[in-house]
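Let's take a walk through this structure together, one piece at a time. Have a look at the picture first, and then we'll start with a small puzzle.

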Amino acid sequence: MDTRSNGLDTVRKRFSVTLEHVTRLYRRDEFEVRALDDVSLKIPKQSFVAIMGPSGSGKTTLLNLIAGIDHATSGEVAVGGEQITNMDERELAAWRARHIGLVFQFYNLIPVLTAFENVELPLLLTDLSKAERKTHVEAALKAVGLADRMSHYPRQLSGGQEQRVAIARAIATDPTIIVADEPTGDLDAKSAEEILNLLTQLNQRFQKTIVMVTHDPRSERFVDIVYRLDKGVFVGAEKGGAAPRPVMGPLAPE
Amino acid sequence: MKYIFLTLKNLSRSKRRTILTVLSIAVSLFIFSALMSLPNFANQMLADTSSSVRLACRTKMGLDYPLPESYKTKIIATPHVVAVEPDIFFGGIYHDATDQFPNIAVDPDKIDVMWPDWGFSAEGVEQFKKIKTACLVAQGTMRRFNLHVGQRIQLRGTVYPFTVDLTIVGTIAKGPAPSFLMFRRDYFEEAAGRPGIVDNFWVRVDSSSAVPEVAAALDKQFANSANETQSDSEASFLGSIIGRFRMFFHVAEFLGLVVVVAIGLVAANTAAMSIRERRGEIAVMRSIGFPARTILTLFLSESLLIALLGGLIGCGGAFAVLKIFAVNADALGPFVVIRIPPFVVAETFVAAVLIGLLSAYVPAKAATRRTIVDSLRVID
């Protein structure tokens, strides 16, 4: 019996995300960029965490690895108890469709689709019938407070509303983990606060693990843990300002 | 099927661009189908005459040189010959130089025997044989100039410097061209001062198997004379005339292909620009979990739909225009019977499919090959 792999499996089951000695190198023309350098951390299940650091610290790279839209150069990445490091592109696409809900800084809604159709997009990858998809979409839009905007196009929505639709799209498939890259980056203070409150509600009501990259200092009081990166190196984690509530497993990563 | 709405929604993204692309493909495939149909009319004409019992006997020197009318009596005496009709091309103008249509002078006595397939009206043939100034007119010309039986018309000579004054006594329903006119050669002879020449002798034989034998016999009869003859079946005779246009047909087919390639390149450029604009959306869809193959299929579907719509409009437009043209533009004579045959319709749709698929494949494949991270960088 492989004691080490059994131990690793146990750890992965306790944590939503596990990164072990992850390095990511990029080649840009003749230069090699070390975006992440031997990063190891664990994100507890059902927690709302922020990854923060100065520009170029590797935050988005880390997020991309967790979301399965990039591959680590070395090390291992496990999300939802599943080892994703060695999955090929086709496997990763199918895995993302089931397990990941993505929220982008600039919303990235499809402009020719209504709010309803944008939220329905990830559901097209499932085996749900049209009626079932409709139920899911309506529930997701209701959860973000936009049940009355289903037939609106993105150009007919405010920035905050667009981001809500993007969040609805991210949760429509009931993913294992929601990954948000600078979700408040393009919003005014009021809208940003609303989005952060919404994410908090999703975390608390629906027990969703949320990993958010941000450099908005206001976010610290909404999250359970803040992981800090600098120049691709994990420098430490600290408790966020969110109200304490039971979470599975220890808070402090290694 | 559940992705069809995505395809349709994306086509409505920029309605103006979609419409212009459809129309540009439609115009090019209109030109393509019209040009590719040109050679077919010649083949159709030859096919129609392939089992004819008529042959044409003309001077060996070429179509522009006449034969003496005295040859008629010798030709009629040749075994297997049933009827002989000399004809002379008058080339007269009705009203203006733009109002031209083919007009010839023939002997009246055997026209119904020589050309029973031309649909002469019975009354018309009878009057043609009785009245020296009678003429028979094809229905296309009748329609074009709003003529009626009993009307008098004048044809101003271009080859011969005189005008003939004719009375329409009947119509030609299915002649060699929907614009034909025939009048009597004795009237022509009288007006021309009895030149005693003909351009061509039409000879009808008793069976199609006798055509080669009679042709050989006629040429042998007039060999080593001042006016040697060359006799061919009607199909060969028409083929030699049409043969002058063979190079034109080949050029037309080549131009048709060039047009398709040109519009394919334009469509490819348009597809590339459209796909480039949507790189961010591609990245988002892939990050959501859409496989690259599905996204590629969506782009190809959009492009194919546009191209097929263009093909439908283009081919349909060519079909309609050529039909209307055939009815109204009789001045071109035989050329008005251009139709779009089924195989050209099939070729047009194949061209549309190729334009649709090939124009989008390369840029779509390239776009889906980019890493998601690089594509997302475009948005940010």
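Which residue in S5(A) is the bridge partner of A:Ala78? Keep in mind that you're looking at a predicted model. The residue to find is A:Gln83, which sits across the bridge from A:Ala78. Zoom out a little, and you'll see that S5(A) is joined to strand S4 of chain A, residues 74-79, by 2 bridges, with the two strands running antiparallel.

That pair belongs to something wider. In chain A, 4 strands make up an open sheet, and if you read across, the order goes S2-S1-S4-S5, with antiparallel pairing. At the edges stand strand S2 (31-44) and strand S5 (82-83) of chain A; each has a single partner strand, so one side of each has no neighbour in the sheet.

Now hop over to chain B. Chain B comes in two parts: domain 1 covers 4-46 + 245-379, while domain 2 covers 61-227. Go from the C-alpha centre of domain 1 of chain B to that of domain 2 of chain B, and you've covered 48 Å.

Next, find strand S1 of chain B, residues 54-59. Is it enclosed or open? Of its 6 residues, 6 are buried, so S1(B) is largely enclosed by the rest of the structure. What does S1(B) pair with? One partner is strand S10 of chain B (residues 200-205), antiparallel over 4 bridges, and here B:Ala56 stands opposite B:Trp202. Another is strand S11 of chain B (residues 229-233), also antiparallel, over 5 bridges. In that pairing, B:Leu55 has B:Ser233 as its bridge partner.

Conventions. Residues numbered from 1 in each chain as written. Chains lettered and ligands numbered in written order. Predicted model: local features only at pLDDT ≥ 70, side-chain atom pairs only at ≥ 80, totals over all residues. Domains from an automatic or database assignment. Pairing = 2+ DSSP bridges. Buried ≥ 20, exposed ≤ 12 C-beta atoms within 10 Å, placed from the backbone.
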